[in-house]
Amino acid sequence: MHNSLVQIHLLRLRTQNVKFIMLKNHISVILPTKNEQKNLEILFPYLIEHTDELIVIDGHSTDETVKVAKDFTPHVYLDPNQGKGAALRMAAEKVTKPVMVFIDADHSHDPADIPKLIYPIFNGDFDHVSGSRTLGGSDELHGDLNKFLRMMGSDIILLGMNYRFGVRLTDSQNGFRAIRSDIFKTLNLQENITSIEQEMIIKTLVHQFRMGEVATHEYMRTFGESKILVRKVAVRYVYSWLKNLFQNKVPVTEETRQLNIKWEETRKKIYDENKEELQEIYQKYRTSFDKQPFFEAKK
Ligand SMILES: Nc1nc2c(ncn2[C@@H]2O[C@H](COP(=O)(O)OP(=O)(O)O)[C@@H](O)[C@H]2O)c(=O)[nH]1
Ligand SMILES: [Mg+2]
């Protein structure tokens, strides 16, 4: 049964692959892992096509995750054992590239969507781009009670964010996203568990960086089970949501202005050197870029 599963997933990835050669030198891909050995064996060959800096932050797996990871990348670290949020913060200390892409290791995201996530950043449209499962569909948000509660919860969280900050985002929780590395490091993120996803979005809005979305599909994880139990994390999610919603937008500081000026220089250089590849990505996904229901609330 597992063999046929693997074949289906390989087929899926092969059909969607896009050329992505030079730009991969400018992004770090961050993979938080906890007991994902079997998923990694499928995922890694595709991931390394999309980055020259693959960083694995492992949550003290008890299977062979770390061993498999080390076959594919020299950048393998153990997290502080506090959860996925703490793992992502640790990753930020290791990156050397200007854009970070976060992708789950359970094979529920397709590495072939990475170009779609990073294009609006290198094109200068956004500073942080989240994959949206509302726009792209999800096999993990519908069908049983646990999924229903997760979907309802994340939609309520989303409504709060949208009305509080005058945007119309469509996904508040996806683990598949791209963000300027300099920004991630200045957001002063605090959440130790997966509630870091909503915190990252809210703080992007609070500090007046540009938040965008593109459609990405979420597949069912291939092997193993989710580590998230709604009843265990719900209180933390609500607490961090309310705490962050009560922040006011902060005026753009001199520090932020400087950060943006420096970024713009970096971006232009990368853009000019990789124009053809970026054009290719644009041509391939133009409908999802052009038709965005982005993000400012209608006045
Ligand atoms: N480093 C690290 N990774 C984790 C931890 N908990 C979950 N992950 C990883 O984070 C990703 C998302 O976790 P998952 O259980 O699939 O959550 P779900 O997709 O929201 O159901 C997967 O790649 C997990 O292996 C942790 O404590 N530390
Ligand atoms: Mg998952």
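What follows is a walk through this predicted model, from its sheet outward to the helices, the loops and the ligand.

Let's start with the sheet. Seven strands make up an open sheet, in the order β3-β2-β1-β4-β6-β5-β7, with mixed pairing. At the edges sit β3 and β7 (211-215), each of which pairs on one side only. Between neighbouring strands of this sheet the average turn is 20°, ignoring direction.

Now look at β4, which covers residues 99-102. Towards β1 the pairing is parallel, over four bridges, and Val-29 has Val-101 as its bridge partner in β4. Towards β6 (residues 177-180) the strands run antiparallel, again with four bridges. Val-101 turns up here too, with Ala-178 as its bridge partner in β6. In a regular strand, side chains alternate between the two faces of the sheet. You can see that pattern in β4: Val-99 and Val-101 point one way, Met-100 and Phe-102 point the other, and all are buried.

Carry on along the sheet and you get to β5 (residues 128-132), which is joined to β7 by five bridges and runs parallel to that strand. On the β6 side, β5 pairs in the antiparallel sense over three bridges. His-128 is a handy marker for both pairings: Met-211 stands opposite His-128 in β7, while Ile-179 is the bridge partner of His-128 in β6. How well covered is β5? Mostly: five of its five residues are buried. His-128, Ser-130 and Ser-132 point one way from the strand, and Val-129 and Gly-131 the other way.

His-128 also leads us to the next stop, since Ile-183 is in contact with His-128, as well as with Asp-127 and Phe-209, once neighbours within four places in sequence are left aside. Ile-183 belongs to helix α8, residues 181-186. Why does Ile-183 count as buried? Because 22 C-beta neighbours lie inside 10 Å of Ile-183, and the cut-off for a buried residue is 20 or more. There's a long-range link to spot as well: the C-alpha atoms of Ile-183 and Trp-263 are separated by 9.7 Å, although the two residues are 80 apart along the chain.

Helix α3 (residues 65-72) has two quite distinct sides. Its buried residues are Thr-65, Val-68 and Ala-69. Looking down the axis of α3, these buried residues fall within an arc of 100°, so they line one face of the helix. The general rule behind this is that an α-helix has 3.6 residues a turn, so residues three or four places apart point the same way. What do the buried residues of α3 pack against? Their partners are β1 (27-33), α2 (37-47), β2 (53-58) and β3 (75-78). On the face turned away from the buried side, you'll find the exposed residues Lys-67, Lys-70 and Asp-71.

Helix α5 (residues 114-122) is another story. Nine of its nine residues are buried, so α5 is largely enclosed by the rest of the structure. Among these buried residues are Lys-116, Tyr-119 and Phe-122. Just after α5, Gly-124 takes a positive phi of about 85°.

Positive phi values also show up at residues other than glycine. Asn-188 has one of about 55°, and sits in the loop between α8 and α9 (196-206). With 8 other C-beta atoms within 10 Å, Asn-188 is exposed. Gln-208 has a positive phi too, near 60°, and its place is in the loop between α9 and β7. Gln-208 counts as partly exposed, with 15 C-beta neighbours inside 10 Å.

Finally, the ligand. There are 21 residues around ligand 1, and those that come nearest are Pro-32, Gly-59, Ala-87, Ala-105 and Ser-226. Which elements each supply at least two residues of the shell? They are β1, β2 and α4 (84-94). If you're thinking about the chemistry of this shell, the breakdown by class is five nonpolar, seven polar and nine charged residues. This closing stop ties back to the sheet, where β2 and β1 come one after the other in the strand order.

Conventions: Residues numbered from 1 in each chain as written. Chains lettered and ligands numbered in written order. Predicted model: local features only at pLDDT ≥ 70, side-chain atom pairs only at ≥ 80, totals over all residues. Buried ≥ 20, exposed ≤ 12 C-beta atoms within 10 Å, placed from the backbone. Arc of directions from axis to C-beta. Contact = placed C-beta atoms within 7 Å. Near = placed C-beta within 6 Å. Nonpolar A, V, L, I, M, F, W, Y, C, P; charged D, E, K, R; others polar. Pairing = 2+ DSSP bridges. Axes fitted to C-alpha atoms, helices over the stretch in contact; angles between N-to-C directions.
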